[in-house]
Structure formats: C-alpha cells, structure tokens
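Here are my notes on this model. Please read them with the structure open.

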Amino acid sequence: MLMNGFDEGVLPLLGFAMLGLAVVAFVLALTAREDAYRAAGKQTKTFWLVILGITVVVDFFLGMLFLQIAGLVASIVFFVDVRPALKQVSGGGGGGRRGGSSSDGPYGPYNGGR
C-alpha cells in the first residue's frame, strides 16, 4: 500500500519537476548568445541544446529513470556551471546589481548628506 502511494504520488511529481527543470534549462540555453559560450570557455550552444533537448524528450515521452537521472545531472550542470559563466561573460553577473559603487542608492550615489 505504501509503495502504491509512492508510485502514484511521489514519482509523477518528481518526473514533472525534472521535466520543468529541463525545459527551463533548454529555454535559457536557447536564449543565450552563441559567442557567450565560447567566451566563457564552455561547450558550444549546439551541444547544450542537443543535450537539454534530449533530456526534455526523455522526460516527456520515454520516462526511463536512468536516462531521466542523466538528464537531471545535465540540467544541474547547466544551472550551476554554464549559466553563471554565461551571465558573467554577457555582463549580467553582478549579483542582481546593475553596476556602480557600494554606496549607490536607488536614486544615485549616496553622499552622506553632503
């Protein structure tokens, strides 16, 4: 009975989560510039689109657990290694900041009441 609930409740949720992660990674890989991959010293854009595209297909259609786990690893590698490097090369790696010094406020530099 416990395994039946696991098979019908938890496993489909994990499958949807892996599919969602793969789709988001694929879209982010698709929207990044090709030259950013080369500048970051990562594999090509085509490489990542093929790997993540296969992951989406496997997660959506096949549902083979071993291939899903391999695709999950690829998606995680994209998110924790490739995407931050692409953002840094593309000028988007400021930790949410748009530039400026640490004393800048929301309306410009803070001068301490001077």
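**Notes on a predicted model**

1. Val 89 is found in helix H4. This is a predicted model. At 36% relative accessibility, Val 89 counts as partly exposed, because the class runs from 20% to 50%. Its contacts, leaving out residues up to four places away in sequence, are Ala 36, Ala 39 and Ala 40. The C-alpha atoms of Val 89 and Asp 35 are 9.5 Å apart, although 54 residues separate the two along the chain.

2. Next, the helix itself. H4 has 26 residues, and at 1.5 Å a residue it should span 38 Å. Its end C-alpha atoms are 35 Å apart, which agrees. H4 does have a kink of about 40 degrees, centred on Phe 78. Just after H4, Gly 91 takes a positive phi of about 90 degrees.

3. Which residues of H4 are buried? They are Gln 68, Gly 71, Ala 74, Ser 75, Phe 78, Val 82, Ala 85 and Leu 86. For the spacing of such positions, recall that an α-helix has 3.6 residues a turn, so residues three or four places apart point the same way.

4. The largest nonpolar core has eleven residues. Among them are Phe 78, Val 82 and Leu 86. Others include Ala 25, Ala 29, Trp 48, Leu 49 and Leu 52. Four helices each supply at least two residues of this core: H1 (2–31), H2 (34–40), H3 (45–62) and H4 (65–90).

5. Leu 52 deserves a look. Setting aside neighbours within four places in sequence, Leu 52 is in contact with Ala 25, Phe 26, Ala 29, Ala 74, Ser 75 and Phe 78.

6. Thr 55 lies in helix H3. Is Thr 55 buried or exposed? It is buried: its relative accessibility is 5%, and the cut-off is under 20%. Beyond four places in sequence, Thr 55 touches Ala 22, Gly 71 and Ser 75. Ser 75 is also among the contacts of Leu 52.

7. Now the aromatic rings. The count comes to four aromatic pairs. In one pair, the rings of Phe 78 and Phe 79 have centres 6.1 Å apart and planes at 80 degrees. Planes over 60 degrees apart count as edge-to-face, so this pair is edge-to-face. Phe 47, Trp 48, Phe 78 and Phe 79 form one aromatic cluster.

8. Phe 78 and Phe 79 fall on either side of the burial cut-off of 20%. Phe 78 is buried, with a relative accessible area of 1%. Phe 79, at 22% relative accessibility, counts as partly exposed.

Terms used. Residues are numbered from 1 along each chain as its sequence is written. This is a predicted model: local features need pLDDT of at least 70, side-chain atom pairs count only at pLDDT 80 or more; totals for chains, interfaces and linings use all residues. Side-chain values use heavy atoms; hydrogens and water are left out. A nonpolar core is a set of buried Ala, Val, Leu, Ile, Met, Phe, Trp, Tyr and Cys residues joined through side-chain atoms within 4.5 Å. Buried means under 20% relative accessible area, exposed over 50%, partly exposed in between (1.4 Å probe, protein chains only). Contact means heavy atoms within 4.5 Å. The expected span of a helix is 1.5 Å times one less than its number of residues. The bend at a residue is the angle between axes fitted to the seven residues ending there and the seven starting there. Rings of Phe, Tyr and Trp (its six-membered ring) pair if their centres lie within 6.5 Å; planes under 30 degrees apart count as stacked, over 60 as edge-to-face and the rest as tilted.
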